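Hi everyone, and thanks for coming. I'd like to walk you through one chain today, slowly enough that you can follow along on your own screen. Please bring up the view now.

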Amino acid sequence: MSKVCQITGKKAISGNNVSHSKRRTKRKFNVNVFNRKFYWPEAGQWIKLTVSAAGLRNINRMGLDAALKKAANEGHLTEIKTIEK
């Protein structure tokens with residue numbers, strides 16, 4: 001699983017660790033992503049998404065359907081995993 005948010009497209013960025021003597025070594029700043037299940041009432045099914053904390057706030061603010069449409073238009077949403085019951 002790559003650490004990329006399916007709603008916002010956020011992913012890890014690189015930077016430097018800076019020691020007290022100002023030596024710099026490369027490091028990664030990972031994004032806060034987690035797997036969540038959402039009920040999508042327009043499709044009448046449960047879906048699994050990998051979302052960041054910012055993506056979860058977008059879903060709460062805009063609604064799931066609007067957030068999915070926006071993510072698909074911006075190219076962040078590659079595939080939606082459905083959950084069969």
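Let's begin with serine 21: is this residue buried or exposed? Serine 21 is exposed, because its relative accessible area is 54%, and the cut-off for exposed is over 50%. One thing to keep in mind as we go is that this is a predicted model.

Where does serine 21 sit? You will find serine 21 in the loop between β1 and β2. Its side chain makes a polar contact with the side chain of serine 19, at 3.1 Å. Now look across to isoleucine 59, which is 38 residues away along the chain. The C-alpha atoms of serine 21 and isoleucine 59 are separated by 44 Å.

While we're at that loop, let's look at the strands on either side. Strand β1 covers residues 13-18 and strand β2 covers residues 24-29. The two run antiparallel, and six bridges join them. As a bit of background, strands of a sheet pair through backbone hydrogen bonds, either parallel or antiparallel. Valine 18 stands opposite arginine 24 in β2. The hairpin of β1 and β2 has five residues between the strands, and lysine 22 takes a positive phi near 70° there.

Now let's step back to the whole chain. How many helices and strands does the chain have? The count comes to two helices and five strands. Starting at the N terminus, the order of the elements is β-β-β-β-α-α-β. The radius of gyration is 16 Å, well over the 12 Å that the globule rule gives for 85 residues, so the chain is more spread out than a compact globule. You can also see this in the C-alpha trace, which spans about 60 × 25 × 20 Å along its principal axes.

A few more numbers for the chain: of its 85 residues, 27% are buried. The exposed surface is about 6200 Å², with carbon and sulfur atoms supplying 48% of it. If you take contacts between residues at least 6 apart in sequence, 44% of them join residues at least 24 apart.

Next, please turn to the sheet with three strands. This is an open sheet with the order β3-β4-β5, and the pairing is antiparallel. Why do β3 and β5 each have one side without a neighbour in the sheet? Both β3 (33-40) and β5 (81-83) stand at the edges with a single partner strand each, so one side of each is left free of a neighbour in the sheet. From one strand to the next, the twist averages 35°.

Let's take the pairs in turn. β3 and β4 are antiparallel and share eight bridges. They form a hairpin with four residues between them, and in the turn glycine 44 has a positive phi of about 70°. Tyrosine 39 has tryptophan 46 in β4 as its bridge partner. On the β5 side, tryptophan 46 stands opposite isoleucine 83, while isoleucine 47 stands opposite threonine 82 in β5. Strand β4, residues 45-52, pairs with β5 over three bridges, again in the antiparallel sense.

The helices come next. Helix α1, residues 53-62, packs on the sheet, where it touches β3 and β4, and its direction makes about 135° with that of β4. Helix α2, residues 64-74, lies across β3 and β4 and runs at about 120° to β3.

I'd like to finish with two residues that contrast with serine 21. One is threonine 50, which belongs to strand β4. Threonine 50 is buried, since its relative accessible area is 11% and the cut-off for buried is under 20%. Its side chain makes a polar contact with the side chain of asparagine 35, at 2.9 Å.

The other is glutamine 6, in the segment before β1. Glutamine 6 is buried too, with a relative accessible area of 13%. Which residues does glutamine 6 contact, leaving aside its neighbours within four places in sequence? Among them are Lys48, Leu49, Thr50 and Ala71, and the list also includes His76, Leu77 and Thr78. Glu79 is in contact as well, and the side chain of glutamine 6 reaches the backbone oxygen of glutamate 79 at 3.2 Å.

Thanks for listening, and I'm happy to take questions.

How values were computed: Residues are numbered from 1 along each chain as its sequence is written. This is a predicted model: local features need pLDDT of at least 70, side-chain atom pairs count only at pLDDT 80 or more; totals for chains, interfaces and linings use all residues. Side-chain values use heavy atoms; hydrogens and water are left out. Two strands pair if DSSP finds at least two bridges between them. Axes are lines fitted to C-alpha atoms, for helices over the stretch in contact, and angles run from 0 to 180 degrees between N-to-C directions. Contact means heavy atoms within 4.5 Å. The radius of gyration is taken over C-alpha atoms; the globule rule is 2.2 Å times the number of residues to the power 0.38. Buried means under 20% relative accessible area, exposed over 50%, partly exposed in between (1.4 Å probe, protein chains only). Accessible areas come from the Shrake-Rupley method with a 1.4 Å probe; for residues, only the protein chains shown count as cover. A polar contact is a pair of N or O atoms within 3.5 Å; within protein, one must be able to donate a hydrogen and the other to accept it, and residues adjacent in sequence count only if both atoms are side-chain atoms.
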